[in-house]
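Below are some notes on the fold, arranged by sheet and then by core. Please read them alongside the coordinates.

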Amino acid sequence: MQIVEVATGTFWLEVPEADLRVLCGCPADAVKHLMKRGLIRRVTRDGVTFETGPNAVLLSDVALQGGEFCNLSEFPVLQMLYRQGMILPGHPNNDGAKPMLIGLREQIAAQMEYIRRGNYGLVSEEELCEAQVPPDIAADWMAVKLRFAFGSIRGPDDLLTRMPLDDAPLEIRGGVTVRRLDMNVFEFRYGDDTAIVDLNLDHGQHYAPPFSLGYHSLRREYFAVVHSGEGDGWDPNRPSMSSILMFQGRIFLIDAGPNLHAVLGALGIGIHEVDGLFHTHCHDDHFAGLTTLVRADHRVRYYATPAVRASVSKKLAALMGADESAFKDYFDVQDLDWDTWNDIEGLEVKPIFSPHPVENSIFVFRTLWEDGWRSYAHYADIASFRVLDQMAANGVSSELITKVKRDYLLPADLKKIDIGGGLIHGHADDFADDDSGKIILAHTAMPLTPKQKEIGSGAAFGTSDVLVPALQDYGMRFAHSYLLAYFPEVPAHQLRILLNHPVRLINPETILIREGRPCYTVYLILSGTVEAISGGRRRSAIMTAGAVIGELAALNDTPSRETVRAQGFVRVLCLPTPLYRTFVARNGLADRIIRMADMRRFFNNTWLLGENLSAHVHNRIAGRTQETIFADGNEIVIQGADRMLIVREGAIEKLLDGNVVDRVEAGGHVGVAEVLFSGRTFFRYRAAGRTVVLAVPGGMLREIPITRLKMVEDYQRRMARMFTPREEEQAFPWMHDYATGIPGMDRQHQRLFDLASLVVEAARAGEKDRLIAVLDDMLSFTRQHFGDEERLMSDTGYPQLPEHARIHASLLDEMVRVRQGCQEQSADERDFHHFFQTWIISHIFKDDSRYARYIVERGDYVA
């Protein structure tokens, strides 16, 4: 048994004797990492050349780590099916075995839906019409989709084998077994050999890109295109096709491919500088970087057509285990009209339909200038004329195909085109007579051929094409807006004193402030990203445009308590310390600034609030935070309050059934379930020694995308740990911490727990008749319980009753399915165990707690 650490959080496990090759962990660009390490290579057998690679994927127990997706199996699965040939008829590598997905049942289910949406996007004319596509056009688009899908929409189970992990060892193939030891910790065994794979990331760790991009300094232009990716999903040396559009000094992204954080960092762009994203479609090489944009303290504007947005939100919802409506919690949705010039504050954009397996738009951008319009066309992904002609010959509307060809050849001052070839990508030859001013060839991992070089240009990473040059310094405009947000009470003429100071370009990895040294200059970050490091801190704090650094040491005239260094090229406004002190004193700001700066420094030491939050947002949080001091042993109450508790000094003990199960030290937090779901925590809390606690309003945290994302990640990790198998006398022991606060309903919940434990007991004993009888009792009692709950909600005027009733109906349908499976022996104890755990997490813990809180707060419920 051979094991190789491929990259951070990614491993390769191979057992040649069993013909087993497992990709353990599949974050963004995992396939590219395998290529770089030589674990995917080209071979020839029986005259056919194809790639080697994994035949199984081990999934992470959680969807998110470090604010990034852990399970992006779309490209690994495509590599196995097509580039290895496992699905291709007559291929020498097609032996009938399907690629395997190994992991927790809920993660496998999430991946199956994510892969389905990645393959097809919206899967019916009804879904297209719901996304505002007219019925006649929806029919044409569905015909195109079915042509790409070889005639039918297939479920992922036709292509993949599910290998769910429970508490027992699971045989994968050829005598190799895998067992889950702890959250994200797995033991593989083959004969006498064992190997442990740990997919957990430490705090502050992130998945690494497969390529090095260096550092680039960009000048803010009036209208320009920065080339941020010309490769495809298989190019191990370059980012996938994308562009960055500058308009009036502002930054817009076109697509969000894998490792977007590395792309932005290399270009010296901080996340707060991104005004918006224009999105073409939902394939991972254009989609996987969405979490980078969520790691901001405001909702980044999301520009797409409703059809593209619908397919993207459904795919994202599958990955995150959330409802697709949650998309608007993270992005400021700005829908675009097809085939229309949409005006975005002077930048006009026209989305145009381009045939692809999923909903897809190409974009043309333009702005008015001296002699007319300047335009940029971004064509990813497109189909070749040969494929379009085949579609027209096989029933796809000839009018649609004619329009697509005409749209492809519309001239622009600058046009970037996909030349990836094959069935779903374009060909350079189709643009040989294109009248555009300049053509960039992209979306390929192959070197350009001599003929292609005659048609279009290449574009190195970080280079720019300026369509309208800037004749003003946008940096000073941004400096003014940042200072205005930071000092809202200061007159404009006073701010101009600060603005009349030099702007410096800081080289990558340069130290601006050193721990233990005096601070002679206060810096306002105008662009780029810095990290603040302290010897006593586990992790560094990340700060971007708008942050003021060095001011606490400057105002207190004390040595700096941290080192601050540039991550890439950084532009800063340099303010001499004596002037800054005088400015703050003259405007009567010293007490507020010092208090806020001290609070910001603490926030930067925390995992929850220490990344990518601007000084303005930190100040808002600090202004609404309440501080409380608890004596040793005092109970700390969270239930019934929409707030997050953050430990500033001391520690909080977490108790479950009276036992201390965890200790939250300074910088840690409690109350995620309350804030995310208005739910109830399973725990009790008490102070361990003198403890200072900050109470932060939950509504404020929910409105900050990166904080919301981190809360979701924290919640998922806690649930995964909670349901790690434990040896218990009873499969589902009831604990008072599960209580909703409605005694009658809690007694019924306890009865359901008892029945569920009896189901598992009967299944383990192999007593089928008793198993079915107990399942029938549980099904009957569940119907009664749901009816009682719904009557209670109706009597108390609970506004979410219709939605809650729909959830009840869905749970009953699932329970009937499990019961039927046990009757027919197509389901077993593990299926029931998964069903009940999911119910605990998703229903009692979240949904029931919501109505219970509503009823208790009304004060008119009598037990």
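In what order do the 4 strands of the open antiparallel sheet lie?

1. The model is predicted. In the sheet in question, the order is β28-β35-β30-β33, with antiparallel pairing. Its edge strands, β28 (503–506) and β33 (548–549), each pair on one side only.

2. Strand β30 (residues 521–527) runs antiparallel to β33 and is joined to β33 by 2 bridges. Across this pair, L524 stands opposite V548. Helix α14 (residues 474–486) lies across β28, β30, β33 and β35 (570–576), at about 115° to β30.

3. Another open sheet has 6 strands and mixed pairing, in the order β1-β2-β3-β6-β9-β10. Its edges are β1 (2–7) and β10 (161–164), each paired on one side only. From one strand to the next, the twist averages 20°.

4. Within the 6-stranded sheet, β6 (residues 56–58) and β9 (residues 100–103) run parallel and share 3 bridges. L58 faces I102 of β9 in this pairing, standing opposite that residue. Helix α3 (residues 105–120) lies across β9 and β10, and runs at about 140° to β9.

5. The largest nonpolar core comprises 98 residues, and L253, L293 and I621 have the most contacts inside it. Leaving aside residues up to four places away in sequence, I621 touches F603, L609, L613, V696, M700 and I704. A core of 48 residues lies apart from the largest one; F478, L495, L524 and A554 are among its members. L524 is thus listed in this core and also stands opposite V548 in β33.

Note on methods. Residues are numbered from 1 along each chain as its sequence is written. This is a predicted model: local features need pLDDT of at least 70, side-chain atom pairs count only at pLDDT 80 or more; totals for chains, interfaces and linings use all residues. Side-chain values use heavy atoms; hydrogens and water are left out. A nonpolar core is a set of buried Ala, Val, Leu, Ile, Met, Phe, Trp, Tyr and Cys residues joined through side-chain atoms within 4.5 Å. Buried means under 20% relative accessible area, exposed over 50%, partly exposed in between (1.4 Å probe, protein chains only). Contact means heavy atoms within 4.5 Å. Two strands pair if DSSP finds at least two bridges between them. Axes are lines fitted to C-alpha atoms, for helices over the stretch in contact, and angles run from 0 to 180 degrees between N-to-C directions.
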